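Work through the exercises below with the sequence and structure in view. Each task is followed by a stepwise solution.

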Number of protein chains: 4
Amino acid sequence: MKIAVVGAGYWGPNLIRTLTSLPLGLEVVVCDQDPERLAKAKARFASISTTLDYQEILADPKIEAVVLATPISTHCSLALEAFAAKKHVFVEKPMAGSVKEAEAMVAAATKAERILMVGHTFEYSPPVRRAKELIRAKELGDIYFISMMRVNLGLHQKDASVIWDLMPHDLSILLHWLEERPSRISAVGRDCVAGGIPDVAFVNLTFPSGVIANLEVAWLAPSKLRRIAVVGKRKMLVYDDTENIEKIKIYDQGVEFNDPEDFGEFQLSYRTGDIVSPRLPNTEPLKIEMEHFLECIRLGQQPRSDGASGLEVVRALDAAERSLSLGGLPVSLEES
Amino acid sequence: MKIAVVGAGYWGPNLIRTLTSLPLGLEVVVCDQDPERLAKAKARFASISTTLDYQEILADPKIEAVVLATPISTHCSLALEAFAAKKHVFVEKPMAGSVKEAEAMVAAATKAERILMVGHTFEYSPPVRRAKELIRAKELGDIYFISMMRVNLGLHQKDASVIWDLMPHDLSILLHWLEERPSRISAVGRDCVAGGIPDVAFVNLTFPSGVIANLEVAWLAPSKLRRIAVVGKRKMLVYDDTENIEKIKIYDQGVEFNDPEDFGEFQLSYRTGDIVSPRLPNTEPLKIEMEHFLECIRLGQQPRSDGASGLEVVRALDAAERSLSLGGLPVSLEES
Amino acid sequence: MKIAVVGAGYWGPNLIRTLTSLPLGLEVVVCDQDPERLAKAKARFASISTTLDYQEILADPKIEAVVLATPISTHCSLALEAFAAKKHVFVEKPMAGSVKEAEAMVAAATKAERILMVGHTFEYSPPVRRAKELIRAKELGDIYFISMMRVNLGLHQKDASVIWDLMPHDLSILLHWLEERPSRISAVGRDCVAGGIPDVAFVNLTFPSGVIANLEVAWLAPSKLRRIAVVGKRKMLVYDDTENIEKIKIYDQGVEFNDPEDFGEFQLSYRTGDIVSPRLPNTEPLKIEMEHFLECIRLGQQPRSDGASGLEVVRALDAAERSLSLGGLPVSLEES
Amino acid sequence: MKIAVVGAGYWGPNLIRTLTSLPLGLEVVVCDQDPERLAKAKARFASISTTLDYQEILADPKIEAVVLATPISTHCSLALEAFAAKKHVFVEKPMAGSVKEAEAMVAAATKAERILMVGHTFEYSPPVRRAKELIRAKELGDIYFISMMRVNLGLHQKDASVIWDLMPHDLSILLHWLEERPSRISAVGRDCVAGGIPDVAFVNLTFPSGVIANLEVAWLAPSKLRRIAVVGKRKMLVYDDTENIEKIKIYDQGVEFNDPEDFGEFQLSYRTGDIVSPRLPNTEPLKIEMEHFLECIRLGQQPRSDGASGLEVVRALDAAERSLSLGGLPVSLEES
């Protein structure tokens with residue numbers, strides 16, 4: 001099988017590394033407009049071939065799929081061309097820069113009867129999958145609320161806010177876990193360093209089931225935090241991606257109804273029971289993700305992080321950004 | 001000097017302990033409606049005298065000040081009576097259950113020419129004071145944003161939401177540090193366990209200077225978090241009250257303007273420099289607070305956490321609660 | 001029942017507090033040579049009576065037991081007098097300053113048919129007890145080795161080395177868990193600050209069963225460490241007493257025999273499985289300890305930390321100190 | 001310049017990666033007896049050439065230096081042959097399996113007037129270098145003691161004890177910092193899993209200056225620890241290599257002479273002052289090490305981790321192993 005990776009900038013090389021190291025005998029073609037990047041890629045991955053011309057990729061009938069790791073603004077047009085050429089498409093997150101574009105991509109995939117998969121890598125990571133299993137199996141009980149922090153001293157982007165840069169991760173995890181669309185999103189943020197590009201945002205989501213979520217994303221933070229707390233009726237879970245060993249901790253929680261001290265009174269008291277940190281496989285998420293894409297192509301199957309789920313993430317990003325620009329006014333997602 | 005502590009329930013004994021252990025030869029009278037509580041207090045603090053009758057306190061001309069540690073709903077009327085009897089008043093936080101009550105208390109103190117101090121204990125704690133000095137001295141540069149978490153598996157209150165129970169701490173710290181009134185507050189919350197009493201809330205504040213803040217408070221959380229991050233233009237600060245030794249860390253932060261890789265481009269890159277955890281005195285905040293109250297009485301001085309600052313905290317609590325009940329709609333504080 | 005606490009210095013007040021707060025209606029007499037200390041104790045614990053004269057304690061037929069919290073060098077003579085007066089004795093750790101003295105105390109208790117209990121408080125703490133149960137039930141499998149650190153920036157003692165000051169804790173835990181006497185002890189140490197009084201020591205123990213242990217104790221250390229790792233054949237356990245919540249963690253451990261890569265070769269690979277931090281009751285060890293002493297008196301029962309076990313600890317302390325003074329030469333305990 | 005890497009097993013590829021990525025246009029030849037390993041290396045590093053025959057390396061006059069990453073038992077003979085062929089030699093740690101071999105290597109290097117450098121990589125790591133500067137500049141004051149832990153659930157070696165496998169790291173750091181040879185070493189250990197091969201060891205060292213050190217190394221441990229505490233008269237330092245950001249913390253420490261409470265008494269009390277975690281460059285130690293080797297060749301300079309220092313490490317390893325087999329009897333190093 002032959003596959004093309006388009007974009008050999010910041011992220012592309014990770015995809016090339018993953019694809020070339022799979023024991024599947026893939027032929028990998030790398031496409032970029034910058035000859036120097038191609039030369040670098042070729043030096044590092046001896047087995048690849050390269051091209052400066054995307055049309056060459058589209059014209060090659062042996063290439064079954066394209067993997068897009070280009071700037072967000074190019075995702076839609078590159079994907080539409082690929083579908084027109086009957087290629088399957090894997091596109092990095094966020095899938096597109098607007099709801100309209102994302103919708104067009106989903107429609108094009110359907111029409112072309114080709115697979116559209118979005119690079120929500122975290123959905124393929126062992127801790128997120130374990131949490132998903134626990135949530136689905138009602139191990140945690142009904143979910144009350146979720147708190148997410150994704151902050152660090154990061155590189156400022158010059159063409160996307162911190163919402164579009166960091167929040168696709170959290171939103172894809174959140175929607176993957178809860179399997180429902182938020183009904184309302186509000187966001188407060190600020191462009192601390194570079195005018196016009198928010199680099200910190202506090203985002204709140206309300207879901208039809210009652211679940212609420214608080215997301216904090218920032219490129220400016222004293223220390224790196226990657227912490228998600230899921231509070232359920234029966235158990236609670238903390239997923240800390242900066243931990244090496246105990247990435248997930250499950251807190252068994254018991255309610256204690258204390259005897260009333262006075263008649264008419266009662267006290268609800270909670271206690272933490274045992275804490276369990278389950279062993280997780282340490283397979284690289286990117287590897288699982290790429291294998292899943294290839295398998296979906298082979299079996300003609302819908303991928304887990306398909307176009308529809310990518311579209312939901314874009315919808316939420318768009319709502320958050322709109323709320324932010326409205327000074328935190330909640331934006332409803334029902335009608336969108 | 002003679003002083004009365006009113007309320008010997010959950011918090012009162014801490015105030016009694018502090019007052020009786022000060023080397024000032026204070027005469028402490030304790031008042032509570034429950035004879036059993038008074039008996040317990042007397043057994044533990046041999047030197048105190050006790051009474052079931054608040055009027056007795058008011059009528060005793062030797063008692064100069066009352067310390068109120070009673071339920072929030074009683075604060076206002078007890079304080080007004082005390083001012084009418086020409087006593088100074090120390091009242092636990094939150095100062096009152098409504099803006100109106102808080103305003104009445106401030107007015108009564110002014111009219112009676114007596115001191116009104118609010119128990120914003122954290123303003124007297126060494127880490128908060130150190131942070132205050134750093135902020136005031138512009139060591140951190142202009143403040144960009146503040147993130148605050150105060151969550152744990154706590155006792156559910158039956159007469160107050162988590163906002164009125166936990167957030168007075170964060171708000172008093174925030175207003176103390178920033179010295180400005182928030183212009184807008186929004187809050188999303190949920191009553192997970194007991195109907196009608198929110199036990200988790202995510203609150204966002206916007207300040208006229210541009211600072212934004214995210215506060216998360218919850219009685220339901222897998223682990224206790226008491227973490228505040230202050231991100232400034234020059235330095236950042238983390239105050240973690242669950243840490244025993246390194247409660248405060250100051251992150252020296254440098255901006256690196258990388259050379260553009262292509263003409264027309266530039267990249268903002270931040271780096272963390274040295275991290276310093278300053279030594280802090282380990283004086284008990286409650287002791288500093290009580291000494292401050294007594295000194296203000298002696299010198300006829302305005303206390304740091306005076307009625308006006310208590311009123312600001314109540315205003316913010318009230319706005320947060322209103323926003324929460326409006327589904328997160330931002331509530332403006334300018335006109336309040 | 002009437003009981004005497006002898007010594008109202010650094011540690012005594014904790015014992016007085018515990019005894020007076022037990023709901024048993026104990027009459028507590030406190031004895032100390034320093035009138036000021038007695039006055040302080042009386043001010044804090046209104047219900048006690050006091051005396052400057054130990055003989056008065058001995059002569060009072062209503063006093064059934066004495067609790068000794070005096071300097072180590074006085075333990076033996078005070079205990080012997082108490083036994084002669086037919087009192088039960090609780091003595092703080094270490095039980096005595098020499099093996100000879102400890103042996104005399106054990107003999108006197110036997111002769112007087114009175115209870116001798118040693119204040120190895122950690123044996124009554126929930127984490128140590130939980131670990132004991134796990135070890136006894138062979139949950140961890142055969143124990144391979146134990147590593148213990150007890151270091152912090154502490155107060156220098158002027159009459160005892162760090163070995164006699166800090167190591168009774170670790171040794172009593174170790175002997176309690178393993179139920180065997182070490183066959184060999186070696187120690188290296190140094191008197192960094194005050195001449196002649198070692199303030200840091202590294203001690204190694206070898207047990208007949210094969211278990212080896214490494215103990216590090218120091219009054220000079222950058223941060224407080226209270227960490228014990230127990231490595232067994234099936235599981236491992238870490239007990240970190242500076243942790244608030246997860247004091248004990250149990251590591252499930254699996255051996256994986258990897259397939260040989262070449263014939264003739266094999267690879268042993270270990271992996272960590274789930275990690276469990278069990279919920280522990282948070283009863284104060286001192287309370288459990290005192291209740292145990294009183295119960296043993298009432299029922300005429302041998303206490304868990306009896307004179308024999310106190311003697312074993314002294315034997316080990318003595319051997320460690322001898323090895324230290326011999327430059328680390330291993331000292332055998334069989335013949336002692 | 002042309003250079004040969006001998007051994008393409010577990011560690012060799014890291015050296016090949018480093019050498020081929022240096023911007024020096026090095027020609028790298030890789031030698032191994034296993035054709036499959038060579039094929040793998042060639043696939044990964046396109047620019048290298050390979051050979052099965054070490055003699056070919058020796059015979060190639062263009063090859064100036066050999067880098068040995070072969071099993072310990074082969075180090076000596078390969079190095080002697082290389083010196084005979086007038087090559088410079090970089091040899092992985094430990095330099096040799098015996099003092100005799102190490103001495104022969106040092107002698108051969110001297111005779112051949114070629115450079116002999118030992119792969120004590122940690123000496124080139126930013127945290128170890130920073131600590132070295134602080135120690136040399138007397139920032140910490142006189143060193144009192146050093147405590148080192150290097151434990152984790154590791155792969156069991158089948159031809160070397162944990163002492164020869166893990167302790168070269170600690171010993172090279174220790175000798176590098178202190179610049180003196182230990183006068184006495186004692187070790188207690190155990191072969192828990194595989195008969196005859198100790199997998200845990202507790203090692204104590206005494207230095208002529210008075211410094212003592214405690215080293216704990218184990219392949220069996222619940223969690224990975226890489227912690228070194230250096231306690232000096234003025235400051236203390238903790239180097240924790242498992243920390244991502246705060247690898248080094250420096251504790252400013254003050255002595256407080258409290259006023260005597262009674263005449264004749266005094267109390268030494270220490271306190272921790274500010275804690276500083278300095279920013280460290282995150283250059284890869286292996287890169288610095290390889291560059292240093294190449295520079296020493298170019299300038300005819302003695303490397304920092306030269307044969308003599310490698311020999312000292314082997315001496316200490318040998319003494320530790322002897323003590324271990326003698327049941328912990330201290331072994332003197334003066335006469336060795």
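**Exercise 1.** Which residues of α4(B) and α5(B) meet, and how do they divide by type?

Solution. In this predicted model, take contact as heavy atoms within 4.5 Å. From α4(B), S73(B), H75(B), C76(B), A79(B), L80(B) and F83(B) take part, and they meet E101(B), A104(B), M105(B), A108(B), A109(B) and A112(B) of α5(B). These residues comprise nine nonpolar, two polar and one charged. Here Ala, Val, Leu, Ile, Met, Phe, Trp, Tyr, Cys and Pro count as nonpolar, Asp, Glu, Lys and Arg as charged, and the others, Gly among them, as polar.

**Exercise 2.** Classify the packing of α4(B) on α5(B) by angle.

Solution. Helices are DSSP runs (H or I, at least four residues), numbered from the N terminus. Their axes are lines fitted to C-alpha atoms over the stretch in contact, with angles from 0 to 180 degrees between N-to-C directions. Residues 72-84 form α4(B) and residues 99-112 form α5(B); the axes cross at roughly 15 degrees and come within 9 Å. The two helices are therefore roughly parallel (under 35 degrees).

**Exercise 3.** What relation superposes chain A on chain B?

Solution. Superpose by least squares on the C-alpha atoms of residues with pLDDT of at least 70 in both copies. The result is a rotation of 180 degrees with 0.0 Å of shift along its axis, at RMSD 0.0 Å. That is the relation of a two-fold axis. In chain A, L329(A) has the C-alpha nearest the axis, at 3.0 Å. Of the interface residues of chain A, 100% are also interface residues in chain B, so the copies meet through the same surface.

**Conventions.** Residues are numbered from 1 along each chain as its sequence is written, and chains are lettered from A and ligands numbered from 1 in the order in which they are written. Local features need pLDDT of at least 70, side-chain atom pairs count only at pLDDT 80 or more, and totals for chains, interfaces and linings use all residues, while side-chain values use heavy atoms, with hydrogens and water left out.

How values were computed. Angles under 35 degrees count as roughly parallel, over 145 as roughly antiparallel, 65 to 115 as roughly perpendicular and the rest as oblique.
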